[in-house]
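Q: Please take one part of this structure and look at it closely, step by step, for someone who is new to reading such models. After that, set the part in its surroundings, explaining each term as it comes up.

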Amino acid sequence: MFVNQKIQKTPIYLVDKEKKESNGHFVQPLLLIEMSGIAGLYNPVSKYIGVVCTTRKELEQRLLSKNLHIKAIPEEQYRFCNSCSEFMQEGYYFETDDSTYCSRDCVDKKVGWKKYLHLYNSGLAFWTTWYNA
Ligand SMILES: [Zn+2]
């Protein structure tokens with residue numbers, strides 16, 4: 001559906017301004033999707049696209065009216081899956097070629113589960129998180 005359109009994907013946290021950080025304020029990792037004439041938020045877990053506007057400014061204003069604001073996720077706290085390109089903050093990591101996969105399916109497609117288990121036993125591949133609470 002988004003053929004030939006340049007899509008910019010920025011991993012962000014949606015932060016609730018009303019809640020204090022010390023109380024564990026509401027933080028949700030999402031993708032900010034921007035392309036010509038569209039700005040929206042995408043939830044990679046539920047695969048849900050919400051709050052779609054025409055510009056990022058309009059999107060931020062609409063969020064602000066609900067006391068929500070966008071905070072970019074630091075680069076070291078996320079990866080994209082080497083198989084399906086999905087945004088991820090935890091997943092399978094292969095030290096052998098610095099590749100990452102979001103699910104067993106994606107490991108199976110690109111590497112093979114047997115090979116993963118072999119590397120896992122050698123400590124060269126494992127499940128990890130990049131998320132800092
Ligand atoms: Zn994947």
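A: Strands β2 and β3 run antiparallel and are joined by five bridges, where two strands count as paired if DSSP finds at least two bridges between them. The names stand for DSSP runs numbered from the N terminus, with strands (E) of at least two residues and helices (H or I) of at least four. This is a predicted model, in which local features need pLDDT of at least 70 and side-chain atom pairs count only at pLDDT 80 or more, while totals for chains, interfaces and linings use all residues. Residues are numbered from 1 along each chain as its sequence is written.

Within this pairing, Ile 33 has Gly 40 of β3 as its bridge partner. The two strands make a hairpin with two residues between them, and Gly 37, which sits in the turn, has a positive phi of about 85 degrees. Most residues other than glycine have a negative phi. On its way to the wider sheet, β2 also pairs with β1 in the antiparallel sense, over eight bridges, and there Val 15 stands opposite Val 27 in β2. Val 15 has a bridge partner in β5 as well, namely His 69, and strand β1 (residues 8–16) is joined to β5 by five bridges, again with the two running antiparallel.

Putting these pairings together gives an open sheet of five strands in the order β4-β3-β2-β1-β5, with antiparallel pairing. Because β4 (48–53) and β5 each have a single partner strand, they stand at the edges, and one side of each is left without a neighbour in the sheet. From one strand to the next the twist averages 35 degrees, an angle that, like the others here, runs from 0 to 180 degrees between N-to-C directions, with axes fitted as lines to C-alpha atoms and, for helices, over the stretch in contact. Helix α1 lies across β2, β3 (38–43), β4 and β5, and runs at about 105 degrees to β4; here two residues are in contact if their C-beta atoms, placed from the backbone, lie within 7 Å. In the loop between α1 (56–64) and β5 (68–72) comes Asn 67, which has a positive phi of about 60 degrees although it is not a glycine. Asn 67 counts as exposed because it has 12 C-beta neighbours inside 10 Å, the rule being that a residue is exposed with 12 or fewer other C-beta atoms within 10 Å of its own, buried with 20 or more, and partly exposed in between, all C-beta atoms being placed from the backbone.

Strand β2 also leads into the interior. The largest nonpolar core has 16 residues, and those that touch the most other members are Cys 81, Tyr 92, Tyr 101, Cys 102, Cys 106, Val 107 and Tyr 116; such a core is a set of buried Ala, Val, Leu, Ile, Met, Phe, Trp, Tyr and Cys residues joined through C-beta atoms within 7 Å. The elements that give two or more residues to this core are β2 (27–35), β7, β8 and α2, and β2 gives the most, with three residues. Since domain 1 (8–73) and domain 2 (79–129) both give residues to the core, it lies between them, the domain bounds coming from an automatic or database assignment.

On the side of domain 2, Tyr 116 touches Tyr 92, Val 107, Val 111 and Ala 125, once its neighbours within four places in sequence are left aside. Three strands form a second open sheet in the order β9-β8-β10, also with antiparallel pairing. Here β9 (99–101) and β10 (125–129) are at the edges, because each has a single partner strand, so one side of each is left without a neighbour in the sheet. Strand β8 (residues 90–94) pairs with β10 over five bridges, with Glu 90 opposite Thr 129, and helix α3 (residues 113–121) lies across β8 and β10 at about 85 degrees to β10.

Seen as a whole, the protein chain has three helices and ten strands, and buried residues make up 18% of its 133 residues.
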